[in-house]
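Me: Please take a close look at a single part of this model, the way its strands are paired. Then go on to other local details that can be checked by eye.

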Amino acid sequence: MGFKGTKAEKKVLYDKKLIQLLEEYTQVLICAADNVGSKQLQSIRKGLRPDSIVLMGKNTMMKRSIRIHAEKTGNKDYEELLPALVGNVGLIFTKGDLKEVREEIGKYKVGAPARVGLVAPIDVIVPPGNTGLDPSQTSFFQVLNIPTKINKGTVEIIAPVELVHKGDKVGSSEAALLAKLGIRPFSYGLVVVNIYDNGSLFAPEVLDLTEDDLLDKFAAGVSTVAAVSLALNYPTLAAVPHSFVNAYKNLLAIAVETEYSFPLAEKTKEYLKDPSKFAAATAPVAAESAAPAAAAKEEEKPEEKEESDDDMGFSLFD
């Protein structure tokens, strides 16, 4: 049984509970709860226990409790939640993995019929096929411009029809037809719209990022920093390796064009004076890579000869 008391007593109890959760948890999922029934919400609560707690309530009460908690403790982190408390939303406090909790919430979506006046969250398409309805029901299809034919005493839809567009309100004719066809086009459940984690508020899409995505973005950022630093001649950690390489190239070019020299430049000067030395230095590497290929060809030759003898129909040893 729920707590029975005056409105003032309920507000005090709610405020106490929310502040307790704010002190105990550092992760919160803000979820839209449109068209979610109490029975469905009860199933979600059970499924998320014991690591997560679902708290619903009026936005004004939640904002008030958060502000009071921030003033009393001096911890302003939870004030990041205030702009996200808009519309019909609830809070899920959790100590579990955020991605796993979001996936668990998604399991509790239930199908729902298209009610009159409801704004369609998705496009509703009626598939072709036999409807099982008798020919007297064709008026519904004619009003909605759905092509049909009579097949074996029942109405059959010839082609798929987009009955309701996303964002449009469901009309009485559309709702009646979908009900007759037994189509429940919509599904509802808690939808994570924002995530709070230790003072940061971010979109749920962040949870879909993998380690490879993060590494790619980091590498792209480092490359950009290095390019800007080199263009401005401004030293940064990202640009230092490139600066050293460029400086070495410049010194090598000066050494080649002048009498000035240093140990690493001597070998380059020798190659430029006598290119055959460079060829001699690379020859062993080329020989090593060519040796396996030559050996493979040698092994193939006898086999090819034997095959050719057999193909001729005689053998030298017969």
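Reply: Two strands count as paired if DSSP finds at least two bridges between them. The model is predicted, and the part chosen here is an open sheet of three strands in the order S6-S8-S7, with antiparallel pairing. Strand S6 (129–130) and strand S7 (148–151) are the edges; each has a single partner strand, so one side of each is left without a neighbour in the sheet.

Take the S6 side to begin with. S6 runs antiparallel to strand S8 (residues 154–157), and two bridges join them. In this pair, Asn130 is placed opposite Glu156 of S8. On the other side, S7 and S8 are also antiparallel, joined by four bridges. Here Ile150 stands opposite Val155 in S8. As background, side chains in a regular strand alternate between the two faces of the sheet.

S7 and S8 form a hairpin, with two residues between them. One residue to inspect in that turn is Lys152, which lies in the loop between S7 and S8. Its phi is near 55°, a positive value in a residue other than glycine. Most residues other than glycine have a negative phi. Lys152 counts as exposed because its relative accessible area is 81%, and the cut-off for exposed is over 50%.

Elsewhere in the backbone, Asn233 also shows a positive phi, of about 55°, although it is not a glycine. Asn233 belongs to the loop between H7 and helix H8 (240–257), and its relative accessibility of 70% makes it exposed. Another backbone feature is the cis peptide bond that joins Arg49 and Pro50, with omega at about 0°. Pro50 is found in the loop between helix H2 (38–48) and strand S2 (52–55). Most peptide bonds are trans.

The side-chain contacts come next. The count of salt bridges is four, and among them is the one between Arg64 and Asp15, whose closest N and O atoms are 3.8 Å apart. That pair links distant parts of the chain, with Arg64 in helix H3 and Asp15 in helix H1 (residues 7–24), 49 residues apart. Arg64 is partly exposed at 48% relative accessible area, whereas Asp15, at 15%, is buried.

Asp208 and Arg102 form another salt bridge, with the closest N and O atoms 2.5 Å apart. Asp208 sits in the loop between strand S12 (200–202) and helix H7 (211–232), and Arg102 is in helix H4 (residues 98–106), so the pair ties together parts that are 106 residues apart in sequence. Asp208 is partly exposed, at 41%. Lys107 pairs with Glu104 in a salt bridge as well, the closest N and O atoms being 3.2 Å apart; Lys107 is exposed, at 61%.

Charge also gathers on the surface, where Glu71, Asp77, Glu79 and Glu80 form a negative patch. Of these, Glu79 is in the loop between helix H3 (59–73) and strand S3 (89–94) and counts as partly exposed at 30% relative accessibility.

Notes
Residues numbered from 1 in each chain as written. Predicted model: local features only at pLDDT ≥ 70, side-chain atom pairs only at ≥ 80, totals over all residues. Heavy atoms only, no water. Patch = residues over 30% accessible without salt bridge, like charges linked within 9 Å, V, L, I, M, F, W, Y side chains within 5 Å. Areas by Shrake-Rupley, 256 points an atom, 1.4 Å probe, with all protein chains shown as cover. Salt bridge = Lys/Arg side-chain N within 4 Å of Asp/Glu carboxyl O. Lys, Arg positive; Asp, Glu negative; His and termini not counted. Charge placed at Lys NZ, Arg CZ, Asp CG, Glu CD. Buried < 20%, exposed > 50% of the residue type's maximum accessible area, 1.4 Å probe, protein only.
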